[in-house]
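User: Please take a close look at the aromatic rings in this model and walk me through how they sit among their surroundings. A connected account would suit me better than a table.

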Amino acid sequence: MKEGQPKQSFLRRLFAVPNVLAVGLGLLVFAAGIRIWDTNRGALIAAGVAGVSSALVWLIWDRLAGLRPVTKLLDLPNIGRIPVYAQAPAPTLTEPRSEVATAYQRAASRLEASTRGRVLLVSGMEAAQGATSASLNLAVAATRAGRRVLLVDGDAARASLSKFGRTGRSPGLTELASGGATLAQAARLWTVGANTKLPFVPAGAPSNNGHMLDRAGLSNALDDIAGVADLVLIDTAAEDDNTDGLAAVADGTLLIVPAAADRARIDDIQARAAAEGAPAVGYLINEAAPSPKSIDQHPILRSLKRAFATAILVLVAFSAWNGVQLWDSWRGVEREGFDTAQAEQLLGLPAEGIVDEEVTEEMATAVTAVPAAEIDYLSVLLIGADLSGSLADVIMLAVMPDDGSDPMLVSLPRDLYLPNRCTQSYTKINANLAGCGDDVNGPTLLALAVEDFTGIEVDHFALFTFDGFEDIIDGVGGVEICVDHPVRDSKSDLDLSAGCTQATGTQALAWVRSRRTQELVDGRWRTMEDVSDLSRNERQQDVLLQMFSKLSEFTSPADLTNTVRSLANTFTLDDQLGITDAISLAWELRGIDPQTFVSLMIPVESQRTSGGASILVPLEPFDRVLSLGYPQLAPTGDAVSLSPGTPAPAG
């Protein structure tokens with residue numbers, strides 16, 4: 001075998017016409033199917049249809065040009081057919097009157113009558129075709145018939161015949177070819193009858209480079225061997241590097257073949273033998289040899305196995321393609337550092353707390369309390385920045401408990417008056433987005449303020465600007481806003497008709513930002529009642545939940561990839577959120593009904609500072625607010641009632 005030929009042969013079979021046609025059709029069918037059924041289940045259906053389509057191609061090919069009896073494929077002398085038998089290596093020796101031995105005797109007789117040449121290689125189409133057993137039994141049968149036969153073990157790698165003879169493998173063919181031994185020294189005599197001997201030359205010691213020695217040495221050795229025998233049978237391994245040297249000095253090749261094969265494989269093995277200098281001169285059918293394509297299996301079963309493999313192949317390719325696309329889109333998302341634990345160490349609070357003359361003892365208690373009970377959860381802080389980028393216009397905390405409880409969404413008014421670790425004073429919570437110099441960035445400082453107030457550790461954040469908010473809303477196809485009367489707000493550019501509007505990103509942004517909303521009633525514009533930061537929070541929650549709902553509607557990896565690609569430039573994420581965490585979070589949100597979110601509102605009271613600034617002060621510690629949405633967290637197991645006249649938390 002020429003160097004590299006096994007690989008070429010494998011590639012030739014791999015890219016055979018039926019394989020290329022079947023897999024190519026499968027890919028085309030899958031591509032069309034995934035457009036029709038753009039869901040996870042649809043991908044499986046498309047893969048199944050692709051597999052079935054490929055199976056049909058293989059079935060048709062098998063019908064037209066697949067496995068055929070070798071007698072119809074080989075235009076060579078057929079010296080016989082060996083029936084299936086127990087794998088005794090030499091039935092001609094152990095059971096000379098058996099059906100198998102008789103078949104070998106007939107084959108040996110036909111070999112002499114039907115073929116030309118004294119030196120023949122005995123080779124299977126591939127490994128495990130029974131070439132070694134055939135060479136041994138043919139040599140024994142021909143010897144018993146009175147013919148002068150010499151058997152040679154040409155398989156230097158396995159040396160199966162040498163092991164069978166138990167006379168050692170060296171000195172043998174390699175020593176004979178190199179001049180290290182004479183024929184008399186290399187040959188062994190096997191007793192095959194009372195007065196009958198079979199000369200045998202073992203493989204010899206393998207050469208240093210794993211190949212037989214030079215062809216000139218082999219030629220001289222085989223000339224010596226042929227001088228004492230009428231027929232020389234050389235057992236060779238299919239697709240072995242040693243074959244090329246032997247073939248160059250042999251007269252031809254006797255093929256040991258299965259009962260059926262395909263045209264491409266037959267043509268390949270004959271072309272290989274001819275190219276090496278030992279063209280095929282005949283063939284022996286070994287019915288015990290496995291077919292290269294498992295003839296024992298029904299064509300439909302073989303095609304179904306290939307269909308399954310094709311379906312797996314297209315699904316793997318589809319997943320890999322989406323993975324690459326998703327990773328490329330993920331790389332386009334802007335990231336910012338996020339480490340609240342480190343920020344807390346850098347910006348410690350005084351032991352006695354921050355003192356502010358505007359803050360009463362009750363207020364100080366309300367802004368420092370923590371939840372009454374601990375639960376495992378995943379939390380994400382959603383931040384909407386104003387045009388300056390240094391003030392937060394939207395602050396929401398989404399919390400998803402691990403115990404199966406309903407997720408919650410907490411709106412924190414931007415004017416909420418809380419301790420600011422950077423300034424070591426009380427400020428509006430939205431001022432934290434300005435950060436603290438080069439030490440702590442804005443999202444981290446804001447998350448730390450939220451943790452101080454709620455007692456809930458923030459795991460991740462997502463920051464978007466006004467433009468980003470508009471793009472996200474437009475990206476999900478808009479959200480529905482319903483009003484009883486036409487509304488407007490010149491400062492936020494709000495202008496909506498009465499009824500329900502599928503609002504664009506611009507309209508949704510104007511709606512959630514409006515603080516002076518007017519409505520047209522009886523032909524007159526009037527300020528809507530109860531318009532405040534609290535009503536803005538309610539609007540923000542409604543819009544955000546609708547956005548969640550639409551974002552969670554993706555039904556396949558491709559849909560998720562397209563969503564990430566379209567929104568990659570609209571928000572900033574923390575650098576602690578890896579792509580696998582993001583996919584897991586997105587998939588978890590996909591299974592959550594936005595209507596199950598418990599919406600919590602912070603009960604506040606509007607005040608003015610001594611400097612005239614309008615602020616909102618909390619009226620209850622957050623643990624009490626939390627207990628209203630999650631009664632199981634209340635110290636007594638009962639929800640806590642808020643003071644009369646204060647806004648009740650939603651949920």
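Analyst: **Aromatic rings and the core**

F164 has a relative accessible area of 32%, so this residue is partly exposed (buried is under 20%, exposed over 50%, partly exposed in between, with a 1.4 Å probe and protein chains only). This is a predicted model, where local features need pLDDT of at least 70 and side-chain atom pairs 80 or more, while totals for chains, interfaces and linings use all residues. Residues are numbered from 1 along each chain as its sequence is written, and side-chain values use heavy atoms, without hydrogens or water.

Now to the partners. There are six aromatic pairs (Phe, Tyr or six-membered Trp ring centres within 6.5 Å; planes under 30 degrees apart are stacked, over 60 edge-to-face, the rest tilted). One of them joins F164 and W190: the planes stand at 70 degrees with the centres 5.8 Å apart, so this pair is edge-to-face. F164 belongs to helix α7 (residues 160–165) and W190 to strand β5 (residues 188–191), so the pair, 26 residues apart, links distant parts of the chain (DSSP runs numbered from the N terminus: helices, H or I, have at least four residues, and strands, E, at least two). W190 is buried, because its relative accessibility is 8%. Ring pairs also bring in F200, making a cluster of F164, W190 and F200.

Another pair is Y417 with Y426, whose centres are 5.6 Å apart and whose planes meet at 35 degrees, so this one is tilted. Y417 is buried at 8% relative accessibility, and Y426 is buried at 8% too.

Aromatic residues also turn up around M408. Its contacts (heavy atoms within 4.5 Å) include F597 and Y630, along with L397, A398, V399, I456, V598, L600 and L626, leaving aside residues up to four places away in sequence. M408 is itself a member of the largest nonpolar core (buried Ala, Val, Leu, Ile, Met, Phe, Trp, Tyr and Cys joined through side-chain atoms within 4.5 Å). That core holds 41 residues, and L381, L397, M408 and I429 touch the most other members. Helix α16 (residues 442–454) contributes the most to it, with five residues. A second, separate core has 38 residues, among them V483, L494, L573 and L585.

The strands here fit into the picture as well. Strand β13 (residues 392–401) runs antiparallel to strand β14 (residues 408–411), and the two pair over four bridges (at least two DSSP bridges are needed). In one of these strands, β14, L409 is the bridge partner of A398.
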